[in-house]
Amino acid sequence: MTPRVRFAPSPTGFLHIGGARTALFNWLFARRHGGTFVLRIEDTDTERSTGEMTEGILQSLRWLGLDWDEGPGVGGPHAPYFQSQRLDRHRAMAARLVEEGHAYYCYCAPERLQAMRKEAEGQGTAWTYDRACAHLEPGIIAELEATRSPRAVRFRVPEGTTSFVDLVRGRIDVDNTHIEDFVILRSDEHPTFHLSVVADDTDMAITHVVRGDDHISNTSKHVLLFRAFGVEPPQFAHVPLIMGPDKKRLSKRHGATAVTEYARQGYLPEALVNFLALLGWSPGSSDHEIFTLDELVQVFGLEGISGGNAVFNPEKLEWFNQQHIARLTADEIISRIEPLMREAGVWSDDYRTHRRAWLVKLVELARPRAHRLGDFIDVGLPLFRDTVEFDEAAVKKHLLLPDIPRHLRQLRDELARVEPFDEAALERVLRDLASANGLKAGVLIHAVRVAVTGRAVSPGLFEVLVLLGRDQTLGRLDRAVTMLSNR
């Protein structure tokens, strides 16, 4: 069977990590087997669903590299792909279930149901609907309909057991006595999740439903609905939830959860995809961890999904990001950090022409320290700018020492005539000067670093000096000496 899978987010918020992983698993499964990936927007929550959130979800999926074969902006044979535009279809399917005896009208007032629920809670028992409207006489129904009494539609749960095979957890059997006659159409004629998702999955010929295992409790109801419609249910695969490091369900208290936030923080989409794929899934016996999206397609299978909850480890994500940064060429990194450089006010179109080689060298110099894209900007700021912004703590620790201004002046004079102006020559001059003055080389190295960058930490000092060039280096040493003399 060529699979047809769907990702059906609700646009009541931005795409979060759990939803992104669900989308990824569906997309990988479809691509691995030459199937169809359908994107359906479940926007029936009119109070909370917004166009802005919908567009945010679409942008996040595109950023991750997850394209869809049918859905918004693409179309397809089963349009519309917005659930809010399918309400008439949902209502028609609810009416069909009533006509065929699989469902019935429920005229119970909300106050009655609330009182019964409250009474059950007071007794410490789980409340289920008492089926008061399941067997109303036709005459009573006619009277209630004539007066236009508000009524919902409830599914009539049959006796017996509902069974389905979960591709992750195996066979699951549910005694139908534990399933109440659930509402499928509210009194305002809006479908519940149960009806709309089954109706749409039926119309869109979905063959596999891959979703979070918090939906397992809903699946028996959905299987009943599929069978009432005379449709073979799709195969289900419920993936484990993502937990925070404290083993509680991932939430904002654990840090960012929206995909857009990870993009803003300088994570690569390749790294986030790689990280998410290995949250609750394993390629098998291989201990290989670094994958591109294309490589994941080649090895992904639902059988690799584990039954246990996955733990979100921010440090591991940072490691993945660093590994994928290491795979990029300098030119690829530059194209990704250009917006960040513009935002920081340090971009120049010269970096596309005669200063390109200089920027490439800076990128390679910063790369070993870069965990996120923003790190390239942070490391490069002292070199992008003409003026040095001194960190006061670094000045106190490394420049406000006896005779440091004199040592810096002597080094400045040596650097003015050293040839060639390369790492080896610069290091030799500095170490010889430190030795001649009875000074530890490290003390002078730290002092020079602060003098030319304003910071106590930077990439290798001699590489930094070469990148600055002779004139910039001498000028910065001069200004540092002047700054110290004015203290």
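Which residue just after α6 takes a positive phi? Select A205: its phi is about 55 degrees, and it comes just after α6. Keep that spot in mind while we set things up.

**Before you click around**

You're looking at a predicted model, where local features need pLDDT of at least 70, side-chain atom pairs count only at pLDDT 80 or more, and totals for chains, interfaces and linings use all residues. Residues are numbered from 1 along each chain as its sequence is written, and side-chain values use heavy atoms, with hydrogens and water left out.

**Zoom out**

Show the whole chain as a cartoon. There are 19 helices and eleven strands; these are DSSP runs (H or I, at least four residues, for helices; E, at least two, for strands), numbered from the N terminus. The radius of gyration is 32 Å, well over the 23 Å that the globule rule gives for 487 residues, so the chain is more spread out than a compact globule. That radius is taken over C-alpha atoms, and the rule is 2.2 Å times the number of residues to the power 0.38. Along the principal axes, the C-alpha trace spans about 110 × 50 × 40 Å.

Now switch on a surface. The chain exposes about 23,200 Å², with carbon and sulfur atoms supplying 49% of it. Accessible areas come from the Shrake-Rupley method with a 1.4 Å probe, and for residues only the protein chains shown count as cover. Of the 487 residues, 49% count as buried; buried means under 20% relative accessible area, exposed over 50%, and partly exposed in between (1.4 Å probe, protein chains only).

If you like contact maps, here's one number: residues 24 or more positions apart account for 75% of the contacts with a separation of 6 or more. A contact means heavy atoms within 4.5 Å.

**Helix α6 and its cover**

Select residues 193-203. Nine of the eleven residues of this helix, α6, are buried, so it is largely enclosed by the rest of the structure. Among the buried ones are H194, D200 and D201, alongside L195, V197 and V198. To see what sits over them, add β1 (4-7), α3 (87-99), β7 (183-185), β8 (208-212) and α7, which are included in the cover.

Step back to the loop between β7 and α6, where you'll find E189. This residue is not a glycine, yet its phi is positive, about 70 degrees. E189 has a relative accessible area of 41%, so it is partly exposed.

**Along α7 to a hairpin**

Go to α7, residues 216-228, and pick R227. At 45% relative accessibility, R227 counts as partly exposed. Leaving aside neighbours within four places in sequence, R227 is in contact with T162, S163 and P233.

Follow S163 next: its bridge partner in β6 is D173. Strands β5 (161-166) and β6 (170-175) pair in the antiparallel sense over six bridges, where pairing requires that DSSP finds at least two bridges between two strands. The two form a hairpin with three residues between them.

**A stop at β2**

Select T36, in strand β2 (residues 36-39). T36 counts as buried, at 19% relative accessibility. Show its contacts beyond four places in sequence and you'll get P3, R4, V5, A30, D69 and E70.

**Backbone oddities**

Colour by omega and look for two cis peptide bonds.

- A79 to P80 has an omega of about 5 degrees, and P80 is in the loop between α2 (51-64) and α3.
- E419 to P420 has an omega of about -10 degrees, and P420 is in the loop between α16 (404-417) and α17 (423-436).

Then try K247, another non-glycine with a positive phi, about 70 degrees. K247 is in the loop between β10 (242-243) and α8 (259-264), and is exposed at 57% relative accessible area.

**Finish in the cores**

The largest nonpolar core has 110 residues, and L408 and V448 have the most contacts inside it. Such a core is a set of buried Ala, Val, Leu, Ile, Met, Phe, Trp, Tyr and Cys residues joined through side-chain atoms within 4.5 Å. Helix α19 (461-485) gives the most to this largest core, with twelve residues. Centre on V448: not counting residues up to four places away in sequence, V448 touches L408, L411, L430, L461, L465 and L477. Apart from this core lies another, of 31 residues, including V98, V153, F182 and L224.
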